[in-house]
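Q: Please take a close look at one part of this protein: the residues that UniProt lists under "binding site". Walk me through their surroundings.

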Amino acid sequence: MLTGSTRDRLVCNMKQGWKYAAVIGLMAVSFGAAHAQDADEALIKKGEYISRLSDCVACHTALHGQAFAGGLEIKSPIGTIYSTNITPDPTYGIGKYTLQDFTKAVRQGIRKDGSTVYPAMPYPEFARLSDEDISALYAYFMHGVKPVARQNKQPDISWPLSMRWPLSIWRSMFVPSVPKGNDPSIQDPEIARGEYLVNGPGHCGECHTPRGFGMQVKAYDAKGGPVYLSGGAPIDNWIAPSLRSNSDTGLGRWSEDDIFFFLKTGRIDHSAVFGGMADVVAYSTQHWTDDDLRATAKYLKSMPAVPEGKNLGQDDGQTVALLEKGGQGNAGAEVYLHNCAICHMNDGSGVNRMFPPLAGNPVVLTDNPTSLANVVAFGGILPPTNWAPSAVAMPGFKDHLSDQQMADVVNFMRKAWGNNAPGTVSASDISKLRTTGAPVSTAGWNTSSQGWMAYVPQPYGHGWTFSPQTHSGVDNAQ
C-alpha cells in the first residue's frame, strides 16, 4: 500500500513525465513542420531553376511589364499573339489551376477551359519535362511568383484563323509522342542530360529548326535527320543559325568550351550574342549551372555529322588589299572602310569578346541575310550578364546610310575574307526591312535546309515562324 507521501511523489513524477512527453511531442511536430517547410522551399527553388531552363520569363513578360504577367507581342504568319498571364492571380492568371491542369497545359498545350493554346508556346518540347520538374515548376508558379491582376490581351487574328478548335487537329497531326525525362537510349549520362535540356526545357529547336507548311517544327530531335537544328526563319528579324557540325553556318569550328562560355556570358573571342538570342542568354542560360551548360555543349558536339556547307572558302587576302587601297571601285568596301572597319578591322577579325568577327561568322554566312541587314540598319545590343557586366552597343545606320549603301555593305561582307554566302541584297530589300519590318526574302535563290526543303516551302519573306519581341536594348531593367 502506498503512503501519502509516496503517492504524492508518484503523481508529481507522472505530471512531470506528461510535461516532458508534451514537450517532446511539440518538438517533433515543430521539427516535422520545419522539415516540410524546408522541403517546400527546396521544391520552389528547384521550380525557379526549371523556369530558368525553360526561359518562361522572357516570353511571358511584356516590354517594361511585370514578370510573368504576359502581354509580349508574338508575331506569326496568321496574326499577332500575346503571351498570357502565368502568375498565380486567380482571375487573370493560373491561380485556379490544379497540378493536373498545369501539367496538361505545359505538356499538351490544353488550357483549363479545354481549348488549345497556339503553338507559339513550345509545349511539344515541354512534353519532355519529367514529373519531378513539372511538380517543382508548379510549386514555384503557385508559391514563388507574385500574383499580378493583369488581363490577358486577345490575339489579333482574323476569323476563321482565330478559331481554336482546329488547333486540336494540329496537335494530332504534328505533335509527336515523346518520352518524359532523359532519353534512355543515350548511354552517356552527361550527353543524355544535354539532350534533355536542348530538346526539353531549353526548346532550342523552336528557333533553330525550320518549320513546315503547318508552322510545325520539322524535327524534334536528332532522329529527324540533318534538318534538325539546321537553322530557322527570321525571328524578329534575327536568324537562328544552324547548331549542327557544318563549319560554315554551324558549330563545326566551335569547341565545347566555346559553346559553354557563349551560353554563360554571351560572348567569346569569335562570336557575340545579339537579337533574340540575347534574351535567351540574359534571362535563361547565364543562370544555368555549369554542369548543365557543359552537358548542353557536349550534346551539341555529339550530334551526327551533316553534309559540309559551301558558304565559306579560303581568305586570299584580296579583301584586306582592297581596303588598304581605300576600297576604290567597290561601293560596299568604301562604306565598310568608313563605317565598320574601326571596330571589325580590315581583316574582319573584330575585337575579342566585344565586336564579333565578320570573317567566317556563321550569322554573316547564313543563306538568309536578314540578321546582317537588320543589325546594319537598326544596330544591336550585346547585353550585360553576371559574368560579363559591360553592355556593348552597335549603332544602326538607317539614318546615316542610304538603302543602297546598306545593301552594298551587306553584300560586301557576305563575299569578303573568304565568305561565300549566296544571293544579293537589294536596296528595295533594305527599304522594306527599314520601313515595314519585313525580313529579306530569299525565296528566289535559297537552296539550304532552311528554305525550300522537305514537305513544302518555308517562305522567309512571309516570316514563317513565331517572332516574339526582343527585350534586349529595349527593356534592360528586366
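**The annotated binding-site residues**

A: Start with the whole chain. In this predicted model, residues 24 or more positions apart account for 66% of the contacts with a separation of 6 or more. The protein has 478 residues, and 49% of them count as buried. It holds 18 helices and 9 strands. About 22,200 Å² is exposed, with 57% of that supplied by carbon and sulfur atoms.

Now the annotation. It comes from an unreviewed UniProt entry, which lists Cys204, Cys207 and His208 as "binding site". The same label in an unreviewed entry also covers Cys340, Cys343 and His344. Such annotations may be inferred rather than shown by experiment.

Take Cys204. This residue lies in a loop. Helix H7 (189-199) is on one side of that loop and helix H8 (205-208) on the other. Leave out residues up to four places away in sequence, and Cys204 touches Val198 and Leu229.

Cys207 belongs to helix H8. Its relative accessibility is 32%. The partly exposed class runs between the buried limit of under 20% and the exposed limit of over 50%, so Cys207 counts as partly exposed at 32%. With residues up to four places away again set aside, the contacts of Cys207 are Gly231, Gly232, Ile235 and Ala240.

Move on to Cys340. This residue is also placed in a loop, between helix H13 (331-339) and helix H14 (341-344). Its relative accessibility is 11%, so Cys340 counts as buried. Residues up to four places away do not count here either; beyond them, Cys340 touches Val335, Met345 and Val409.

Last comes His344, in helix H14. Its relative accessibility is 12%. Buried means under 20%, so His344 falls in the buried class at 12%. Setting aside neighbours within four places in sequence, His344 is in contact with Tyr336, Ser349, Gly350, Phe355, Pro356 and Leu358.

Put the pieces together. Among the listed residues, Cys204 sits in the loop between H7 and H8, and Cys207 is in H8. Cys340 sits in the loop between H13 and H14, and His344 is in H14. On accessibility, Cys207 is partly exposed, whereas Cys340 and His344 are buried.

Methods: Residues are numbered from 1 along each chain as its sequence is written. This is a predicted model: local features need pLDDT of at least 70, side-chain atom pairs count only at pLDDT 80 or more; totals for chains, interfaces and linings use all residues. Side-chain values use heavy atoms; hydrogens and water are left out. Helices (H or I, at least four residues) and strands (E, at least two) are DSSP runs, numbered from the N terminus. Buried means under 20% relative accessible area, exposed over 50%, partly exposed in between (1.4 Å probe, protein chains only). Contact means heavy atoms within 4.5 Å. Accessible areas come from the Shrake-Rupley method with a 1.4 Å probe; for residues, only the protein chains shown count as cover.
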